[in-house]
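New to this one? Take a moment with the sequence and the 3D view before reading on.

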Amino acid sequence: MTLTCDRLLSAYPEAWQAATVHPFLTQCQAGTIRPAQFNTWLVQDYCFVTDFTRFLGRTLAAAPDVDLDVLLSGLQALQDELNWFRDKAAERSLDLATPRQVTCQIYCEFMGSLVNAPYAVQATALWAIEYAYNQGWQLPGPMPPPYDEFAERWGNPGFTDYVKLLAQQADAALAIAAESVQQTATDAFLRVAALEQDFWQMAYSA
Ligand code: HMH
C-alpha cells in the first residue's frame with residue numbers, strides 16, 4: 001500500500017493531536033495567554049520562518065516541473081509573512097535578534113538535515129509543517145483580538161487550499177517512491193509532529 005498524507009494522519013492520530021492541540025493555542029483562543037509567552041513564541045517563530053524559507057527553497061530546488069507553481073506561491077507568501085512578523089515585532093517592541101531557543105534550533109537543524117533527502121521526503125515534511133499550523137490555529141475556533149490576526153494567517157481558506165495542494169504533491173511523489181523512502185517520509189512526519197509539540201511548549205520556558 002502506497003503511503004499518503006492521509007494515511008500518515010490516520011496511522012498516527014496521537015502524534016498529530018499532540019502537534020496541533022496545545023494550551024498555548026487554547027489560551028490564545030480564550031484570550032488568557034500571557035503576553036510574555038505569546039511574545040516568546042512570536043520571536044522564535046520568526047526565527048523558525050527564516051530557516052523554513054530556506055527549507056522551502058531547497059525543496060523547490062528538488063521539485064519536478066509540475067510542482068513549481070505551488071511552491072513559488074508558497075515562497076511569495078513567506079516574503080509577505082517575514083515582513084508581517086517584522087511589523088508585529090515592532091508593534092510589540094520585540095527584538096528579533098533574540099537568540100534561538102534550543103527547540104527552535106533543533107527544528108531548524110532538522111529542516112537543514114533534509115537537504116539531500118529525496119523530494120518525496122522533503123514534500124511530506126513541508127506539508128506536515130504547514131498543516132500543523134493550519135490545523136493548530138484553526139481547531140480552537142475564532143480567536144479574540146489581537147490573536148485573531150494570527151489565527152487568520154494560518155487558518156484562512158486560501159492557506160487551507162495551499163496545504164491541500166502540498167498534500168497532493170507529496171502524495172504524487174510518495175506514489176513513485178521506494179518503500180525505504182516512504183519509511184523515511186514517515187520518520188520525517190513523526191519528527192515534525194514531535195517538534196511542533198515542543199515548539200508550542202517553548203513559549204512557556206522563556
Ligand atoms: C513552528 N511550524 C512552526 N512555525 C510555523 N510558522 C509553521 C509551522 C508554518 O509555517
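What follows is a short tour of the ligand site, an aromatic pair and two backbone details.

First things first: this is a predicted model.

**The ligand and its surroundings**

Let's begin with the ligand, which sits in the largest pocket. Three elements each give two or more residues to the shell around it: helix 4 (35-62), helix 7 (119-138) and helix 10 (179-202). Helix 4 makes the largest contribution, with four residues.

Who's in that shell? The residues around the ligand are Asp-45, Phe-48, Val-49, Phe-52, Tyr-107, Ile-129, Glu-130, Tyr-133, Trp-154, Glu-196 and Phe-199. Sort them by character and you get eight nonpolar residues, three charged ones and no polar ones.

Some of these side chains bring an N or O atom up to a nitrogen atom of the ligand, Asp-45 being one of them. Here are the distances:

| Side chain | Distance from its polar atom to a ligand nitrogen atom |
|---|---|
| Asp-45 | 2.6 Å |
| Tyr-133 | 3.3 Å |
| Glu-196 | 2.6 Å |

How much of the ligand's accessible area does the protein cover? On its own, the ligand has 280 Å² of accessible area, and the protein covers 99% of that.

**Rings that pair up**

There's plenty to look at if you like aromatic side chains: a search of the whole structure turns up 34 aromatic pairs. One of them joins Phe-85 and Trp-154 in a tilted arrangement, with 6.2 Å from centre to centre and 50 degrees between the planes. This pair ties together distant parts of the chain, as Phe-85 belongs to helix 5 (residues 68-91) and Trp-154 to helix 8 (residues 148-155), with the two 69 residues apart. You've already met Trp-154, by the way, among the residues around the ligand.

**Two backbone details in loops**

Now for the loops. Which peptide bond is cis, with omega near 0 degrees? Look at the one running from Pro-145 to Pro-146. You'll find Pro-146 in the loop between helix 7 and helix 8.

The other detail is at Ser-93, in the loop between helix 5 and helix 6 (102-113). Ser-93 has a positive phi of about 55 degrees, even though it isn't a glycine.

Key. Residues numbered from 1 in each chain as written. Predicted model: local features only at pLDDT ≥ 70, side-chain atom pairs only at ≥ 80, totals over all residues. Heavy atoms only, no water. Near = heavy atom within 4 Å. Polar contact = N/O pair within 3.5 Å; in protein donor to acceptor, adjacent residues only side chain to side chain. Areas by Shrake-Rupley, 256 points an atom, 1.4 Å probe, with all protein chains shown as cover. 1 Å grid on protein atoms, 1.4 Å probe; cavity = no way out; pocket = protein on both sides within 12 Å on 5 of 7 lines; lining within 4 Å. Sits in = over half its atoms within 2 Å of the grid points. Nonpolar A, V, L, I, M, F, W, Y, C, P; charged D, E, K, R; others polar. Phe/Tyr/Trp six-rings, centres within 6.5 Å; stacked < 30°, edge-to-face > 60°.
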